[in-house]
Amino acid sequence: MSYLRFEKALMTNLEESLPRELIRTNRSGAYSCSTIVDCNTRKYHGLLVVPIPELDDENHVLLSSLDVTVVQHGAEFNLGLHKYQGNNFSPKGHKYIREFDCDKVPTTLYRVGGVILKKEVVFQHYEDRILIRYTLVDAHSDTILRFRPFLAFRSVRQFTHENPVASREYHEVDNGIRTCMYAGYPDLYMQFSKKNQFIFQPDWYRGVEYPKEQERGYASNEDLYVPGYFEMQIKKGESVVFSGSTSSISTRTLKRLFDEEVESRSPRDNFFHCLVNAAHQFHNRSKKDERYILAGYPWFKCRARDTFISLPGLTLAIEEQDYFELVMKTAEKGLREFMKGKPISVKIYEMEQPDVPLWCIWAIQQYAKECGEEKCFNMYGKLVRDIVEYIEGGGHPNLVLEANGLVRSEGKDKAVTWMNSTANGRPVVPRTGFIVEFNALWYNALKFCAKLAKMQNDEKAVAHLEEMAEKTKASFVNVFLNDYGYLFDYVDGNMMDWSVRPNMIFAVALDYSPLSQDQKKSVLDICTRELVTPKGLRSLSPKSGGYNPMYVGPQSQRDYAYHQGTAWPWLGGFYMEACLKLYKRTRLSFVERQMVGYEDEMVYNCIGTIPEMSDGNPPFRARGGMSFAMNVAEILRTLNMLEKYTYNR
């Protein structure tokens with residue numbers, strides 16, 4: 001039985017099937033996303049969603065959906081599904097679904113009387129092209145297929161509505177048409193592997209509703225334009241391939257292309273393979289042949305902090321060192337440009353955040369462990385030294401090295417850490433001054449840099465770095481460790497944040513820690529008692545003031561809950577690393593049980609991947625973005641650590 005397979009009973013029950021989403025990507029920024037019953041429930045959903053850099057840096061929904069209708073003896077059976085205002089669903093094609101399988105490619109089996117129709121979907125790698133293969137598995141009489149495309153031509157952050165400006169013009173191309181609703185957009189090519197008839201019948205379908213946007217307190221209605229429909233006869237056993245793209249294709253090649261794309265897909269037949277598949281979806285190759293890591297789907301971009309935190313898990317943990325090096329080459333270019341005060345030429349956002357260079361060193365440190373210290377030194381030794389010297393020399397505008405050996409950042413007016421939610425233009429969690437994970441990362445960076453300097457036999461540099469590290473270590477304990485055995489989240493002059501937050505776990509998990517064994521155990525124990533959930537670490541303890549674990553409601557309400565109790569799987573990765581470092585194999589079974597909580601996510605929410613976060617209270621419902629790179633990365637890294645500890649048992 002397939003790992004990701006859903007029976008008729010679940011598929012026809014919209015309460016069960018609508019919350020389950022599915023995303024396919026082309027590894028160049030474009031994606032195809034909907035629910036497993038092909039009913040779009042977000043404004044971000046669409047069959048063909050592509051970046052259009054000529055317009056802006058957002059993705060744009062060109063082809064929202066493609067309804068297929070089976071026609072026999074003049075009777076029409078529409079297999080599509082849309083939600084309209086007033087909780088009305090039409091045309092309710094989900095009732096014909098017999099099963100849905102997503103082992104290699106998303107496959108839906110429909111049954112209409114004596115007709116069995118199979119639909120398979122792939123997104124061509126590195127091309128803005130969605131391919132759908134329809135196979136008539138069984139039929140007892142002449143059968144016609146009718147395809148009705150729903151067009152949007154809008155940004156994922158906007159809606160389209162009926163208007164007189166939208167162009168109705170279309171042009172015939174090889175077995176299809178091309179059309180473009182608005183100036184500035186590329187043409188949309190809709191083509192089939194088989195000759196067909198296009199019937200021009202323009203109309204607007206009004207009041208399409210997206211319940212996920214309603215939940216989030218946003219506008220939720222739009223109108224979609226249908227230019228007409230394609231029609232063709234199909235015989236039992238015959239397959240027809242549809243291509244939706246921003247470029248034309250020779251339709252004679254469509255069947256072969258579809259087979260090649262399917263063949264290149266790896267099966268999602270277990271938890272690990274699902275995570276590997278999800279990891280590849282974050283790959284992003286630009287036209288300049290630069291390599292990036294997308295922070296997540298559907299609304300995230302390539303962000304510097306997310307890139308460096310995600311990179312080891314998404315590449316090294318699954319033995320894909322080559323992609324680590326390609327992404328690091330692009331990221332290093334942007335980081336060096338920032339350090340030199342030059343305009344950043346790569347498409348990585350938030351390079352100015354003060355902890356970004358520290359996370360870069362951490363990522364390189366993971367490379368050293370997986371690929372060897374000598375290779376690491378040859379490739380990245382100079383970068384590590386340059387970053388440390390840049391910070392030491394006061395080069396960073398918001399990461400200032402103080403006389404006590406700790407680094408300070410100003411975060412009162414603008415969020416500077418991963419806890420970056422804002423309300424009324426101000427950080428919800430104004431972490432400022434000496435920030436705990438910044439300084440844990442700084443100490444770790446100094447020690448790692450000293451280790452690389454030893455490989456070069458640079459005794460003067462080693463002595464200097466070790467002296468700096470010792471000063472940082474003493475000040476870290478003096479400033480952050482409180483009488484209750486855990487660490488202040490940040491200290492700003494006489495202001496000490498007593499909130500129990502997960503950021504102190506980094507001081508335990510990193511390879512070089514300023515804490516003693518007893519101090520590390522004390523911090524870990526408090527994290528275990530107050531922060532651990534089956535879905536990661538809470539961003540705030542229930543015992544701390546302002547605990548708000550439910551990420552629901554309109555934007556302002558969610559902003560105040562974003563880092564006030566929600567649970568984050570990527571933090572759980574560092575927590576489990578700390579467990580294994582402190583308690584070795586005695587915690588293996590505990591970490592394995594934690595993995596079960598993540599594996600449950602494979603068949604809920606966006607199937608086969610890990611969502612952005614969960615509520616901090618039971619039942620720990622998933623929230624936020626449907627797929628989040630740091631979460632997938634840290635679970636993969638944890639599985640890699642588990643394997644090493646188990647192998648060495």
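In which sense do strand 14 and strand 15 pair, and over how many bridges? In this predicted model, strand 14 and strand 15 (residues 176-179) are joined in the antiparallel sense. Four bridges link the two strands. Within this pair, valine 173 lies opposite glycine 176 of strand 15.

The two strands belong to an open sheet of nine strands. The strand order is 1-9-10-11-12-19-16-15-14, and the pairing is antiparallel. Strand 1 (5-7) and strand 14 (170-173) form the edges, each pairing on one side only. From one strand to the next, the twist averages 15°. Helix 4 (residues 254-263) packs on this sheet. Helix 4 touches strand 11 (115-123), strand 12 (129-138), strand 16 (188-192) and strand 19 (239-245). The direction of helix 4 makes about 100° with that of strand 12.

The nonpolar interior was examined next. The largest nonpolar core holds 213 residues. Phe480, Ile505, Trp570 and Tyr575 touch the most other members of this core. Helix 10 (residues 436-455) gives the most to the core, contributing 13 residues. A second, separate core has nine residues, among them Leu131, Ile249, Leu254 and Val262. Beyond its neighbours within four places in sequence, phenylalanine 480 contacts Leu406, Phe434, Ile435, Val436 and Asn439. Phenylalanine 480 is also in contact with Tyr486, Leu487, Phe488, Tyr490 and Val491.

A pair of helices was considered in turn. Helix 15 (residues 569-583) packs with helix 16 (residues 588-599) at an angle of about 170°. Their axes lie 10 Å apart. Angles over 145 degrees count as roughly antiparallel, so helix 15 is roughly antiparallel to helix 16. On the side of helix 15, the contact involves Pro569, Gly572, Tyr575, Met576, Cys579 and Leu580. These residues meet Leu588, Phe590, Val591, Gln594, Met595 and Tyr598 in helix 16. By class, ten residues of the contact are nonpolar, two are polar and none is charged. Tyr575 of helix 15 is also one of the residues that touch the most other members of the largest core.

The loop between helix 16 and strand 33 (613-614) contains glutamate 601. The relative accessibility of glutamate 601 is 6%. Buried means under 20%, so glutamate 601 counts as buried. Leaving aside neighbours within four places in sequence, glutamate 601 is in contact with Lys535, Cys606, Thr609, Ile610, Pro611 and Ala622.

Key. Residues numbered from 1 in each chain as written. Predicted model: local features only at pLDDT ≥ 70, side-chain atom pairs only at ≥ 80, totals over all residues. Heavy atoms only, no water. Axes fitted to C-alpha atoms, helices over the stretch in contact; angles between N-to-C directions. Parallel < 35°, antiparallel > 145°, perpendicular 65-115°, else oblique. Contact = heavy atoms within 4.5 Å. Nonpolar A, V, L, I, M, F, W, Y, C, P; charged D, E, K, R; others polar. Core = buried A, V, L, I, M, F, W, Y, C linked by side-chain atoms within 4.5 Å. Buried < 20%, exposed > 50% of the residue type's maximum accessible area, 1.4 Å probe, protein only. Pairing = 2+ DSSP bridges.
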